Amino acid sequence: MRLFNVPESAVSSAPLSSSAVGTLYVVATPIGNLEDISARALRVLREVALIAAEDTRHSSRLLQHFGITTPLAACHEHNEREQGGRFVERLLAGEDVALISDAGTPLISDPGFHLVRAARAAGVRVSPVPGACALVAALSAAGLPSDRFIFEGFLPAKAAARQARLQGVAEESRTLIFYEAPHRLLESLQDMCEAFGGQRQAVLGRELSKTFETLKGLPLDELCAWVAADSNQQRGECVVLVAGWQAPEGEEALSGEALRVLDLLLADLPLKRAAALAAEITGVRKNLLYQAALARQS
Ligand code: SAM
């Protein structure tokens, strides 16, 4: 029995690309545990002409560990737009280039977007070499619904902007995923309690794939208290996952806007007509609005 259907070409050790134009490989590197690098990632990093890295000093340690001597060039958020052209020139000249970031998958809250876009615009083939990604690792083990989710990246550092961002997703029904810096974790959890309510289920994924890996699932208010009580939980790298919003049953399920429309119409129209019109305007079920109208007039 064959477990995997791996085409011969996928495992060959032939040169990476044989066309006149090179390929830009977007290569995922570990988020902590070096064993998480794939065999393909190592081969690509070994065989390309150049590795574009977010931080060349950081990545040279990773490459040294695996005995890879491919030259490195910096590609970070401050030089990516200007240097992108230089990498594209080399790709157009037929050289293969790998793009890596400090950890995980490039472009995911990491540099690389401008280079990938420039390469694609120039007609260069861009090929992902998949691997570790903190948000996927956390979601895969958090036990929150994973069929639909949204990734919000890092929240703004300033409190007012962060609170506004959280308010904007308070009624989002998909699982929410945030990256957070350890020194802002507690503040952000407190703002999440405010925006989503302390009873909303959440999971903190910390130091994933490393020695002190933690995946703690609790209602937001308890998670806040747990983090506040243990300063160790405010260290290292973390992902916060929050269960999506669930519409409450009955009148509570109506948004403020739907109730406002209903009230305006009730002032001038019979109850049944007001509920029907409000349903047309807001898209909310007529019966729900009818029940709400009854409750308001009783
Ligand atoms: N490109 C990376 C990826 O694929 O996940 C993310 C880079 S982003 C600059 C770094 C953030 O990812 C950290 O602040 C943290 O929120 C999250 N992160 C990275 N490694 C992690 C780990 N081992 N455990 C938990 N979160 C991690």
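Strand 7 (175–180) and strand 10 (238–242) each give at least two residues to the shell around the ligand. Keep in mind that this is a predicted model. That shell counts 19 residues, and the ones that come nearest to the ligand are T105, D110, A134, Y179 and C238. Sorted by class, the shell around the ligand holds 10 nonpolar, 4 polar and 5 charged residues.

Now for the domains. The assignment splits the protein chain into domain 1 (17–132), domain 2 (135–242) and domain 3 (250–297). Both domain 1 (17–132) and domain 2 (135–242) have a hand in the shell around the ligand, with at least three residues drawn from each. As for domain 3, its centre and that of domain 2 are 35 Å apart, taken over C-alpha atoms.

So much for the neighbours; here are some polar contacts between the protein backbone and the ligand.

| Residue (backbone atom) | Ligand atom | Distance |
|---|---|---|
| I31 (N or O) | nitrogen | 3.0 Å |
| T105 (N or O) | oxygen | 2.8 Å |
| E180 (polar atom) | oxygen | 3.4 Å |

T105 turns up twice in this picture: T105 is among the residues that come nearest to the ligand, and a backbone N or O atom of T105 lies 2.8 Å from a ligand oxygen. With E180, a polar backbone atom is again the partner, this time 3.4 Å from an oxygen atom of the ligand. How much of the ligand does the protein bury? Taken alone, the ligand exposes 570 Å², and the protein buries 91% of that. And where does the ligand sit? Its place is in the largest pocket.

Notes
Residues numbered from 1 in each chain as written. Predicted model: local features only at pLDDT ≥ 70, side-chain atom pairs only at ≥ 80, totals over all residues. Heavy atoms only, no water. Near = heavy atom within 4 Å. Polar contact = N/O pair within 3.5 Å; in protein donor to acceptor, adjacent residues only side chain to side chain. Areas by Shrake-Rupley, 256 points an atom, 1.4 Å probe, with all protein chains shown as cover. 1 Å grid on protein atoms, 1.4 Å probe; cavity = no way out; pocket = protein on both sides within 12 Å on 5 of 7 lines; lining within 4 Å. Sits in = over half its atoms within 2 Å of the grid points. Helix = DSSP H or I, 4+ residues; strand = E, 2+ residues; numbered from the N terminus. Nonpolar A, V, L, I, M, F, W, Y, C, P; charged D, E, K, R; others polar. Domains from an automatic or database assignment.
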